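Welcome! Take a moment to look over the sequence and the 3D view, and then use this briefing as a guide to a few places worth finding.

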Amino acid sequence: MDTSADVETAVLLLVVGLIVSQLAARARRLEVITVTDADHLRRIHETAGLAQSAKSSDTVVDHVRGQLTEVLGLRACRFEYGTLMGRPPRLEQDGNIAVGRRHRDVDIDGWPDGEIELRTYGNGHYLGRFMLTPGPGPVPPLRARLVAVTLADQTGAALDAAGPVKDG
């Protein structure tokens, strides 16, 4: 590099290289978000179709248990029909966790200890709850938690359409 034009060219090439690498990194992040959102949408759509066509609400409950396990990275998930027992932490409609009357910032503090309930409603009536046992690893992002709430809502619709809740 003998002249100022050579230095200017080198600096411009460096700047262009940095801009291109940043754009490529952003495009990769957007691709991951797009693929993840498409998977979430597929799960919701698939569950809604099953809720409308299934002969048994138990089929929908079992399907959603599997979906919740995958979406939230759970160790275990079970469904309880009927009345509420105890006061476990609760995954709420906005994707946040309520522990008693307080909200827990799971993105910072992680999942609370023990099981977490995710309630299902049909036409505004409590019908049951999924009991979620978090698995190892990070807490799923808010988008995944909102998908979980939507899947539980689909279960509530299927249970409501099936009629009175069975005992046990």
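What follows is a short tour of the core, the strands and two helix positions. Please keep in mind that this is a predicted model. A good place to begin is the largest nonpolar core, which has 28 residues.

**The nonpolar core**

- Within the largest nonpolar core, the residues with the most contacts are Leu68, Leu72, Leu91, Leu118, Phe130 and Leu132.
- Two or more residues of this core come from each of these elements: helix 2 (57-72), strand 1 (74-81), strand 5 (116-122), strand 6 (125-134) and helix 4 (142-162).
- Helix 4 gives the largest share of the core, with 8 residues.
- To see the packing around one core residue, pick Leu118: leaving aside residues up to four places away in sequence, Leu118 touches Leu68, Leu91, Arg129, Phe130, Leu132, Ala148, Val149 and Ala152.

**Strand 6 and its partners**

- Strand 6 is largely enclosed by the rest of the structure, because 8 of its 10 residues are buried.
- One partner of strand 6 is strand 1; the two pair in the antiparallel sense over 7 bridges.
- If you look for Tyr81, you will find Gly128 of strand 6 standing opposite.
- Strand 5 also runs antiparallel to strand 6, and 7 bridges join them.
- Tyr121 has Tyr126 of strand 6 standing opposite.
- Strand 5 and strand 6 form a hairpin with 2 residues between the strands, and here Asn123 takes a positive phi near 50°.
- As background, side chains in a regular strand alternate between the two faces of the sheet.

**Helix 1 and its surface patch**

- Helix 1 covers residues 4-53, and Ile19 has its place there.
- Ile19 joins Val7, Val11 and Val15 in making a nonpolar surface patch of about 310 Å².
- Is Ile19 buried, exposed or partly exposed? With a relative accessible area of 47%, Ile19 is partly exposed, since that class lies between under 20% for buried and over 50% for exposed.

**A position in helix 4**

- Ala157 has its place in helix 4.
- Ala157 counts as partly exposed, at 41% relative accessibility.
- Which separation do the C-alpha atoms of Ala157 and Ala51 have? They are separated by 7.2 Å, while the two residues are 106 residues apart along the chain.

Conventions: Residues are numbered from 1 along each chain as its sequence is written. This is a predicted model: local features need pLDDT of at least 70, side-chain atom pairs count only at pLDDT 80 or more; totals for chains, interfaces and linings use all residues. Side-chain values use heavy atoms; hydrogens and water are left out. Patches are made of residues with over 30% relative accessible area and no salt bridge: like charges are joined within 9 Å, nonpolar side chains (Val, Leu, Ile, Met, Phe, Trp, Tyr) within 5 Å. Accessible areas come from the Shrake-Rupley method with a 1.4 Å probe; for residues, only the protein chains shown count as cover. A salt bridge is a side-chain nitrogen of Lys or Arg within 4 Å of a carboxyl oxygen of Asp or Glu. Helices (H or I, at least four residues) and strands (E, at least two) are DSSP runs, numbered from the N terminus. Buried means under 20% relative accessible area, exposed over 50%, partly exposed in between (1.4 Å probe, protein chains only). A nonpolar core is a set of buried Ala, Val, Leu, Ile, Met, Phe, Trp, Tyr and Cys residues joined through side-chain atoms within 4.5 Å. Contact means heavy atoms within 4.5 Å. Two strands pair if DSSP finds at least two bridges between them.
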